[in-house]
Amino acid sequence: MPAVRFLLLLPAILFPAACADLFKDDFSRFPAGKLSAPVGELNPAIQEYHYLPHRGVPLWPWANPIVHNDSWVVSDEDGKPYLEQHLVNSEAGRWSPLFITGDPEWFDYSVEVRVRPLSFAGKAGLVFRYHTNRHHFAFFLTQGNTAKLAVQLPIETRFRVAEWHDLVAARFDYTTDRYYLMRVENRGPRIIAFIDGQKIVEAESTETLKGKAGVTADVPARFMDFRVEAPDETARQIQRRIETREKELEGLRTSNPRPKLWRRFRTPGFGAGRNVRFGDLDGDGQPEMLIAQNIPRVRGDAFSHISCLTAVSLEGRVLWQKGKPDPRNGLLTNDNPFQIHDLDGDGRKEVILVQDFRIKVLEGATGRLLRSAPMPPMRADLKERPYERNSGDSIAFLDLNGRGRRSHILIKDRYQNFWIFDRELKLLWQGEGQLGHYPFPFDIDGDGRDEFAIGYALWSPDGRQIWSRDRDYRDHADGIVVGNFTDDPKAPPRVYATGSDEGFLLFDLAGRNLKHVRIGHAQSPSIAKYRADVPGLQMMVSNFWRNPGIITLFDADGNILAQEEPVHHASPLLPVNWRGDGVEFAMLSANTREGGLIDGHLRRVVMFPDDGHPDLAYDARDLTGDARDEIVVWNTDEVWIYTQDPPFKGARIYAPLRSPDCNESNYRATVSLPAWRHGPSEAGRVPAQPSPRPGSEGRRQPGS
């Protein structure tokens, strides 16, 4: 039997005599080799908006918090198993590889592990009181002669420099030829650190008094015999805390509708990951799925080409298919330039895409080509110029003439250039900048025409750049949104950005920075009514690169309301109108253990049944007509759709106004504006008009 012992979520602490092993592992449960093989060979960005249960080897009850970094190897030394961090971290000042276990309620515990550093060039040791991968304590060896206690704080003051505060350090000469038993004992704010039974350093800090535990290293290092223990009474207290939390969660889950399977169908050979659009392609009043497969070209995730398009009903009936399907081409780690939209306003949807270096308009019902035009040439001064013409990255639709219809097409490349076309595919004008991933249109001055934010810049409908802060920030805007999300109807709209490694940014309409909070690599923003007790709407943000899984909730003024690490990957964090009562949830994934819907306190309040459903990708939208959202989950083989188990009862139901389906993207900021309508019990009466958010009067949808 492998020597692993995990007593549900218990911790261990200090000096008292009666202590129990609460977690004990010698790593023999893992197979020899990389713990991330074979997924580690894929583009690490796959987990930005897809869920994978693991990257090759199941890790639970351990976790690799820096999920895109394939640091960890298991083997044995003289027949004794070890865990090894095998990489040299060239960005040690920004982040560190981690391997953690335990529960957030662990407190007053002792943790120990045998450590053999294989290099003097960086740190290797323990982590404890772990809140997130940007907020925890560490006791480590470094430089061949130092033992140090330090704490990492969650908000950076310098760009791409982790906010580490040293607590205490001591001279300790070590070699790379043997293992050292490193131990930390916690009691309240007090921390005592030992090596081979000798007290080395001692400190006090109230910066988080509880949390998980694990190991860390920036250079190759081996770990054996990890152990956590606590006094018996402390262990009982922790268990009571965990039971209280789980009972509260169960009460919340019981009070919410449970997911009930509504439909399911297979997508044999033509399925894909989060490379799907929804829209009424055949005019029957019901949405269909348009699934794209793609073949990456040149390198990484910058030059994918659509290889197959399949239109399928939500009963699984294929309407049409263009291209050769192949399940190998189902995943992607970028946007793809295709959308569903009624471009000419005739009441019938078209498919607009870039394929084979041409802009194409297809008939939605049949896939028949209606018209096409060549993409613009690539600029001669670009450093990366594999083609003479651009291949496209994403598409958005704008209303630039004030006619009440999004008949202008914005097509961008990955990060630098965009072009504006009319509905006949004539190029009108173009722009450039540090574009980030996706634009956000908004009629700022009320003239019926869209201005739009893209990157850290604001553009007018006629092609004038109103302002730009592109040169002031060193990482691109992963998501951007414009609006008045306060409860004050007279408040002006503001520009909100998730700036990748720049964190969260807030601008006024003149481009002045109102707030800048470096929370890590911020992306996937969604704005909705997540908290009934907080004025206005709230913005939920997910982190990925170098600090994945951290979720931060902001109020409309950019103040942090909550921050946790419920997962170790990113998520689109789509708002879900699950109850119809005016407060929404956000979705992590459909996984039965790590997924679910979270509320504005970042608690998992809805979980999915363990019924064999796929959990690679998801979408949320009203499909049954009662205004509440169904949840569509899928992988490359099948699609399942969940609805709520009880029908809605009541005279008034929440029916939020969402970002338009024609402007879909893996990176867009999703906005859900409050609106209500009469519930099913009012059938036969004229539906009430939705109540738009302040600043959105006269607008049917956000971002229109």
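This tour moves through the structure by selection, from a single arginine to ring pairs, nonpolar cores and cavities.

The model is predicted, so local features need pLDDT of at least 70 and side-chain atom pairs count only at pLDDT 80 or more, whereas totals for chains, interfaces and linings use all residues. Residues are numbered from 1 along each chain as its sequence is written, and side-chain values use heavy atoms, with hydrogens and water left out.

**Arg55**

Select Arg55, in the loop between strand E3 (33-34) and strand E4 (62-63); strands are DSSP runs of at least two residues, numbered from the N terminus. At 6% relative accessibility Arg55 counts as buried, a term that means under 20% relative accessible area with a 1.4 Å probe, protein chains only. Now add Gln47: its side chain makes a polar contact with the side chain of Arg55 at 2.5 Å. Such a contact is a pair of N or O atoms within 3.5 Å, of which, within protein, one must be able to donate a hydrogen and the other to accept it; residues adjacent in sequence count only if both atoms are side-chain atoms. Show Val67 as well, whose backbone oxygen lies 3.1 Å from a polar atom of the Arg55 side chain.

**Aromatic pairs**

Next, display the rings of Phe, Tyr and Trp (six-membered ring for Trp), which pair if their centres lie within 6.5 Å; planes under 30 degrees apart count as stacked, over 60 as edge-to-face and the rest as tilted. The structure holds 33 aromatic pairs. Among them, Trp62 and Phe99 are stacked, 5.0 Å centre to centre with 20° between the planes. Trp62 belongs to strand E4 and Phe99 to strand E7 (residues 98-101), so this pair ties together parts that are 37 residues apart in sequence. Both residues, Trp62 and Phe99, are buried. Extend the selection to Phe23, Phe27, Phe30, Trp72, Phe223 and Phe226, which ring pairs link with Trp62 and Phe99 into a cluster.

**Nonpolar cores**

Then select Phe139 and Phe226, the residues with the most contacts inside the largest nonpolar core, which has 48 residues. A nonpolar core is a set of buried Ala, Val, Leu, Ile, Met, Phe, Trp, Tyr and Cys residues joined through side-chain atoms within 4.5 Å. For a second, separate core of 33 residues, go to Trp467, Val482, Val517 and Ala669, which are included in it.

**Charges over rings**

Finally, centre on Arg652, whose charged end sits over the ring of Trp676, 3.9 Å from its centre. The criterion is NZ of Lys or CZ of Arg within 6 Å of the ring centre and within 35 degrees of the ring normal. Arg178 and Tyr180 offer another case, at 4.1 Å from the ring centre.

Technical notes: Helices (H or I, at least four residues) and strands (E, at least two) are DSSP runs, numbered from the N terminus. Buried means under 20% relative accessible area, exposed over 50%, partly exposed in between (1.4 Å probe, protein chains only).
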